[in-house]
Amino acid sequence: MSTNKAVFLDKDGVLNIDIGISKEISETKLFEHSGGVISYLREKGYKIIVVTNQPIVARGIVSENELKIFLSEFEKLLKSQNENALIDKIYYCPHHPNANILEYRINCDCRKPKAGMLLKAADEFKINLNESFMVGDRVSDIIAGKNAGCKTVFCKTGKHLEKMIETDIKYNLDIKADFEITEIGDLKKLL
Ligand SMILES: [Mg+2]
Ligand SMILES: [Zn+2]
């Protein structure tokens, strides 16, 4: 039975300022309300799942192991902002269709706008996707959320004006999110 509800959060541009390529956790700046909102959503009974494309692995800028360490430091950073800002799990896609590193050069099912990471989480955490929300700053996040059957929230603090990233799936360019927010703190008004 899929009885849990979740908020799926994109990472860069939603939880932290998107500065592009970054290997150092000391460069990560959380948005002011990131930790507080996660704490609030947990109290409302949502699972907190982060879903993030990390093609820096495919490009050979960091190893997958270095990425895992970085992401666990990111979780600590959130906790230091708010002690109840706990993430249930971070799913990442290390692949890219044009990766430098052969092992990651695949058309995977996890790279957003595909819904693979959300579907995997739904399976692992018994999540009812129709009761869940996907929050992201790119059109690819919104498409992934819709493809998974979630309600979608466009967060306008990141790459929301940038063009669509490369993908091999068909999508509707005029796709609209169900909701728009100006920063992650606005989720408190919505959920
Ligand atoms: Mg983003
Ligand atoms: Zn992938």
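**View 1. The largest pocket of this predicted model encloses about 750 Å³ of space.** In this model, which is predicted rather than determined by experiment, the largest pocket has a lining of 36 residues, and those that lie nearest its centre are D12, D18, N53, P55 and R138. The elements that give two or more residues to this lining are β2, α2 (64-81) and α4, and α2 gives the most, with 3 residues. Sorted by class, the lining of the largest pocket holds 17 charged residues, together with 10 nonpolar and 9 polar ones.

**View 2. The magnesium ion (ligand 1) is shown with its protein donors D10, D12 and D137.** D10 and D137 each donate through OD, whereas D12 donates through O, and the donors lie 2.1 to 2.2 Å from the ion. Along the sequence, the spacing of the donor residues follows the pattern D-x1-D-x124-D. D10 counts as buried, because its relative accessibility is 6%, which is under the 20% that sets the limit for a buried residue. D12, a donor to the magnesium ion, is also among the residues nearest the centre of the largest pocket.

**View 3. The second largest pocket holds about 160 Å³ of space.** Its lining is made by V139, I142, F154, L173, D174, I175, K176, A177 and E180. By class, 6 of the residues lining the second largest pocket are nonpolar and 3 are charged, while no polar residue takes part.

**View 4. Helix α3 spans residues 116-125 and has M117, L118, A121, A122 and F125 buried.** Viewed down the axis of α3, these buried residues fall within an arc of 135°, and they therefore line one face of the helix. In general, an α-helix has 3.6 residues a turn, so residues three or four places apart point the same way. The packing partners of the buried residues of α3 are the strands β1 (5-9), β2 (46-53), β3 (89-93) and β4 (133-136), together with the helix α4 (139-148).

**View 5. The surroundings of α3 in sequence include the residues P113 and K126.** P113 is placed in the loop between β3 and α3, and the peptide bond that leads from K112 to P113 is cis, with omega near 20°. K126 follows α3 and belongs to the loop between α3 and β4. Although K126 is not a glycine, its phi is positive, at about 55°. K126 is partly exposed, because its relative accessible area of 42% falls between the 20% and 50% limits for buried and exposed residues.

**View 6. Helix α1 is shown with its buried residues S34, G35, V37, I38, S39 and L41.** The buried residues of α1 pack against the strands β1 and β2 and against the helices α2 and α5 (187-190). After α1 comes G45, which has a positive phi near 95°.

**View 7. T28 lies in the loop between β1 and α1 (34-43).** T28 is buried, since its relative accessible area is 12%. When residues up to four places away in sequence are not counted, T28 touches N16, F70, F74 and L77.

**View 8. K76 is a residue of helix α2.** K76 counts as exposed, because its relative accessibility is 56%, which is over the 50% limit. The C-alpha atoms of K76 and L86 are separated by 8.9 Å, and these two residues are 10 residues apart along the chain.

**View 9. The structure contains 2 cavities of 30 Å³ or more.** The largest cavity holds about 70 Å³ of space, and its lining consists of P97, I106, N107, C108, R111, K114, E166, T167 and D168. By class, this lining divides into 4 charged, 3 nonpolar and 2 polar residues. The second largest cavity has a volume of about 40 Å³ and is lined by R138, V139, S140, K159, H160, E162, K163, M164 and I165. Its lining divides by class into 4 charged, 3 nonpolar and 2 polar residues. R138, which helps to line the second largest cavity, is also one of the residues nearest the centre of the largest pocket, and V139, another residue of this cavity lining, is likewise part of the lining of the second largest pocket.

Note on methods. Residues numbered from 1 in each chain as written. Chains lettered and ligands numbered in written order. Predicted model: local features only at pLDDT ≥ 70, side-chain atom pairs only at ≥ 80, totals over all residues. Heavy atoms only, no water. Donors = N, O, S within 2.8 Å, 3.2 Å for Na, K, Ca; no water. Buried < 20%, exposed > 50% of the residue type's maximum accessible area, 1.4 Å probe, protein only. Helix = DSSP H or I, 4+ residues; strand = E, 2+ residues; numbered from the N terminus. Arc of directions from axis to C-beta. Contact = heavy atoms within 4.5 Å. 1 Å grid on protein atoms, 1.4 Å probe; cavity = no way out; pocket = protein on both sides within 12 Å on 5 of 7 lines; lining within 4 Å. Points joined across faces, edges and corners; volume = space filled by probe spheres on them. Nonpolar A, V, L, I, M, F, W, Y, C, P; charged D, E, K, R; others polar.
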